[in-house]
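These are my notebook entries on what I looked up, strand by strand and core by core.

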Amino acid sequence: MATNSAAFTYLWAIENCLKLFAPESIKSPVFEVQSLESTEWHLAINEKDEKFLTVGIYREQDSGPDIIYLVFQLSLLTSEGTFLKMKIHGSQFVKGGQFEIAESTEYFKPERNEYVLNDTLTLRCRMWVKGLDTPRPNLCFAETRLGFERRTFFCYFRNFSALSPGQGLECRLIPTAGENLTLVIAFCVMQISGKEDIFIKISEVSNKLLRLNCEISVLDAHGRKCMPKSGHNLITSSDIYMYFLQKNELIDKNPSLLLNDVLCLQCELEIGYGAIWNEIVYYVYQPS
């Protein structure tokens, strides 16, 4: 069956699509296709690892038939206004059924300017059923906006050399995106095998999932970053612990980093919240 006879075309724009940096799968708004026996669907992108992800089509628990055989094509919009064609697929879908396609993350990186335009990735899904007459093809537009921000802040330990196990410093950061979120970054002194180590503890007090990249550095007397500690793709599903430095080693070997016995730190964060806006914008023919 020719692809130009698609009964339904769904255009999904994902805004703020920096690295697809979200703590969970990115799901499109649910859309209804009356011309395909009043079935309902959504698309989703699920990151599997740094190299691969899946793009999937998912059927809802709708009022349509128990089983429908769907033919569909998923494509990416390019900077030239054309679509990078992906293979046409056909599959039976029960209610709640799904079909996922593995793809390289290379297509979805912001530096691939031919696909991620102004930090926006646009997917097209064309759908039809063989043998089903569709006198009035329909078109639907949907938008998802991902929450993402970069933050830099400073904190300090006074009387650092006098800190004992169980003591530490806690910094609270209220992100600008997302509601009722408080990110806590704590620096804790712990005694392990007779040595006093500084650990970093990262938590989100409302137990909401966030995705983080971070770099925490000691600042010297000139404001230069030293001894950086980085964490990548951290998820706040539980408290995050990272080893930072050994207290006595800093005191004995790097006293120049302790001006007046004060340890100064610079914290740099990238924070992903997932979808903060997820709506159908427009149907050419509104479902009745």
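In which strand does Met227 lie? I found Met227 in strand S16, strands here being DSSP runs of E with at least two residues, and helices runs of H or I with at least four, both numbered from the N terminus.

Before going further I note that this is a predicted model, in which local features need pLDDT of at least 70 and side-chain atom pairs count only at pLDDT 80 or more, while totals for chains, interfaces and linings use all residues. Residues are numbered from 1 along each chain as its sequence is written, and side-chain values use heavy atoms, with hydrogens and water left out.

**Entry: Met227 and strand S15**

I looked at the backbone of Met227 and noted a phi near 50°, a positive value in a residue other than glycine. Met227 has a relative accessibility of 34% and so counts as partly exposed; buried means under 20% relative accessible area, exposed over 50%, and partly exposed in between, with a 1.4 Å probe and protein chains only.

I then followed the pairing of S16, taking two strands as paired if DSSP finds at least two bridges between them. Strand S16 (residues 225-235) pairs with S15 in the antiparallel sense over seven bridges, and within this pairing Ile216 has Lys229 of S16 as its bridge partner. The hairpin of S15 and S16 has five residues between the strands, and there Gly223 takes a positive phi near 80°.

On the partners of S15 I also recorded strand S19 (residues 262-283), which runs antiparallel to S15 and is joined to it by eight bridges. Arg211 stands opposite Gly272 in S19. Is S15 mostly covered or mostly open? I found S15 mostly covered, with eight of its nine residues buried.

**Entry: Val218**

I chose Val218, which lies in strand S15 (residues 211-219), for a closer look. Val218 counts as buried because its relative accessibility is 0%. Leaving aside neighbours within four places in sequence, I listed its contacts (heavy atoms within 4.5 Å), among them Arg224, Met227, Phe244, Leu245, Leu257 and Leu263. The C-alpha atoms of Val218 and Leu245 are separated by 9.9 Å, with the two residues 27 apart along the chain.

**Entry: strand S4 and its partners**

I turned next to S4, which is largely enclosed by the rest of the structure, because seven of its nine residues are buried. Strand S2 (residues 26-27) pairs with S4 in the antiparallel sense over two bridges, and Ile26 stands opposite Ile45 in S4. S3 also runs antiparallel to S4, joined to it by three bridges, with Val33 opposite Thr39 in S4. A further antiparallel pairing joins S4 to S5 through seven bridges, where Ala44 stands opposite Gly56 in S5; these two strands form a hairpin with four residues between them.

Where does Glu37 lie? I placed Glu37 in the loop between S3 and S4, a hairpin with five residues between the strands in which Glu37 takes a positive phi near 60°. With a relative accessible area of 42%, Glu37 is partly exposed.

**Entry: the nonpolar cores**

I took a nonpolar core as a set of buried Ala, Val, Leu, Ile, Met, Phe, Trp, Tyr and Cys residues joined through side-chain atoms within 4.5 Å. The largest one has 38 residues, of which Tyr10, Trp12, Phe31, Trp41, Ile57, Leu70 and Met127 touch the most other members. Among the elements that give two or more residues to this core I noted strand S1 (8-15), strand S3 (31-33), strand S4 (39-47) and strand S5 (52-59). S6 gives the most, with six residues. Apart from this core lies another, of 34 residues, including Leu163, Cys171, Met242 and Leu258.

For Phe31 I listed the residues touched, not counting those up to four places away in sequence, and these include Phe8, Tyr10, Trp41, Leu43, Met127, Ile280 and Tyr283.

**Entry: one surface patch**

My last look was at the surface, where Phe141, Val281, Tyr282, Val284 and Tyr285 form a nonpolar patch with about 430 Å² of accessible area together. Patches are made of residues with over 30% relative accessible area and no salt bridge, like charges being joined within 9 Å and nonpolar side chains (Val, Leu, Ile, Met, Phe, Trp, Tyr) within 5 Å. A salt bridge is a side-chain nitrogen of Lys or Arg within 4 Å of a carboxyl oxygen of Asp or Glu, and accessible areas come from the Shrake-Rupley method with a 1.4 Å probe, where for residues only the protein chains shown count as cover. Val281 is found in strand S19 and, at 48% relative accessibility, counts as partly exposed.
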